[in-house]
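User: Hello! I am new to this structure and would like a close look at a single part of it. Please walk me through it in plain words.

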Amino acid sequence: MNKLIRVFAAVVIASLLLLFAINRLNSAVGFSSDNTLTIYNWGDYIDDDLIDRFEEETGMKVIYETFDSNEAMLTKIQQGGTTYDIAVPSEYMIAKMLEEDLLLPLDHSKLPNLKNIDERFIDLPFDPGNKFSVPYFWGTVGIVFNREMLGDMEITSWNDLWDPAFENEILLIDGAREIIGMGLNSLGYSLNDTNVDHLEKAKAKLDTLTPNIKAIVGDEIKMLIANEEAAIGLVWSGDAADMMWENENLDYVVPSEGSNLWFDNMVIPKTAKNIEGAHQFINFMLDAEVAAQNTEWVSYSTPNKEALQYMPEDMVEDERFYPSPELTEKLEVYENLGKKNLALYNDLFLQFKMHRK
Amino acid sequence: MENKLTRNLYMVPYALWIALFVIAPIILVLYYSFFDIEGNFSLINYQNFFTPVYLKMTLSSFWYAFLITLFSLLVAYPTAYLLTKTKHKQLWLLLIIVPSWINLLLKAYAFLGIFGTYGVTNNFLEAIGIGTQQILFTDFSFIFVSVYIFIPFMILPIFNALNELNPTLIDAANDLGASRWTTFRRVIFPLTLDGVKAGCQVVFIPALSLFMLTRLIAGNRVITLGTAIEQHFLVTQDWGMGSTIAVFLIIIMFLFMTITGTRKRGI
């Protein structure tokens, strides 16, 4: 047993030494919590030049890390190993992070540029009064389709997808809220409906779409649609922009019945050490010109109203990514429906997947 | 006394391993299965399992796992038999094992390209005049890719069994006038049955809970219990229901092991 204890003690001592060494190394190159800012963002989601500019303006050193799913980000922040000063979760994840008490409140007096954000995107149900978050980019769920493959057939609404002509041509993303939501929207119900009767009806309606569905897939959908494996796909607008970049035959439409409106938001997680710097960074990104430059690079839709005037006209007037006010009226943000309702959505989604042609 | 102590000390890593990574997880799975989504103690998950949705899912998991095992066996047995007849057995065996060193995900992605509408297979079908077919996202592609992935695991035990077979027994059967088919049926197959059973176990049990291939290759047109577990843990966060399905999977696997288990007969 003695041997075992000795081995154990050796491991502990080695870890402590390493920890000490890292600390010394960090402070040797000037990394301390006051002048470094650790940002945790989605991949390909910022113009790198802006990070350089922020470093120049403030003299802070930015450490930039990326994640590829909200869940992965949540896990890292829960563990608390890295002192992330800024993170960019989607709106449903904010509700979850608030429940788990992982976010720090924002000091609005340090964010004068907050006034640049379009009123439509302020004070939303997932964060009343924007106490904890500031919108970074937004988008919709809609239909991407291949003009070349469809010929002169037009798609403008969810119900168009039920056309028998589209047999075996539709790919869906593997998301319960998105797909059940499509069923609800096509029947004119709300995306946040929790009425069991309505949900059953939506599921029954989705079952009748089965002959047109080729597959229900994950992130591969980008590759599959760009490679023309199928003509139609139900996707997030951001993914649609990526696909349209790859294949110019593709087009995107936000269905006329309405759809989902999603947000990625800047927050300061509990792990933050440089809270002052985090506020500076958020305020910097909210600056109209900076936001415009960033939006041109990322090509998602910006919530920054003032930024629009600095952006190319064809981009701002593109109704696919900046839908008209009438259509925006019909877009809904996902509310946190609670575990029980989410389970109901998932059960129905599972049953829908099991429905065979 | 000293000797016994050191022997016990050597047992520590093994015992810890079994306790931490085998027994504890099974107990945890069992424990979680008794909680509903709100975290209250209940048997609702077990009640839910016996609804048509999950029973149908169990049946379909069984059916696909059965087909995958069957086709793997049909391909693997003759292959293993031919392998024992070749000159460079070990080299051929190595060539069969090598693909299993490549990550499963990479192989699945490769098949997306091979089976796609504009993929190699369809180019070939087009060239010989059959025309483009939908191969990806069908039962066929799912079973084909699964069989491809599992086949090395089926070949190995059968090859070992065949390799250990005493050739004089076959000579004896021939001398006694048995036809080739009778020799196979009455001598070779019964003597390699243990290898076949081992191979079936290694294929059937993982095949029962495949979930990644069901999405990538079958486009969620095939739903197995594995898919449901993944969804309950990652999306719904209904760990109770996920665990309940896992409990049933463990029971099914245990039953399967018992049925196909090898009882060593005294020699």
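Which residues of chain B does the UniProt annotation "domain: ABC transmembrane type-1" cover?

Analyst: Welcome! Please keep in mind that this is a predicted model. According to the UniProt record, an unreviewed entry, the annotation "domain: ABC transmembrane type-1" covers residues 58–260 of chain B. Over residues 58–260 the chain is 79% helix and 0% strand. The C-alpha atoms at the two ends of this stretch lie 20 Å apart.

For some surroundings, let us turn to chain A, which contains 14 helices and 9 strands. Its C-alpha trace spans about 70 × 65 × 40 Å along the principal axes. A compact globule of 357 residues would have a radius of gyration near 21 Å, and the 23 Å of chain A agrees with that. Of the 357 residues in chain A, 53% are buried. If we take contacts in chain A between residues at least 6 apart in sequence, 74% of them join residues at least 24 apart. On the outside, chain A exposes about 16200 Å², with carbon and sulfur atoms supplying 52% of that area. Chain A also carries 28 positive and 61 negative charges, whose mean positions are 10 Å apart.

One residue of chain A gives a handy example. N294(A) sits in helix α11, which runs over residues 288–298. Its relative accessible area is 2%, so N294(A) counts as buried. Leaving aside residues up to four places away in sequence, N294(A) touches Y45(A), I46(A), D47(A), L50(A), Y136(A), F137(A) and M285(A).

Notes: Residues numbered from 1 in each chain as written. Chains lettered and ligands numbered in written order. Predicted model: local features only at pLDDT ≥ 70, side-chain atom pairs only at ≥ 80, totals over all residues. Heavy atoms only, no water. Helix = DSSP H or I, 4+ residues; strand = E, 2+ residues; numbered from the N terminus. Rg over C-alpha atoms; globule rule 2.2 N^0.38 Å. Buried < 20%, exposed > 50% of the residue type's maximum accessible area, 1.4 Å probe, protein only. Contact = heavy atoms within 4.5 Å. Areas by Shrake-Rupley, 256 points an atom, 1.4 Å probe, with all protein chains shown as cover. Lys, Arg positive; Asp, Glu negative; His and termini not counted. Charge placed at Lys NZ, Arg CZ, Asp CG, Glu CD. UniProt positions renumbered as here; feature names shortened; annotations may be inferred.
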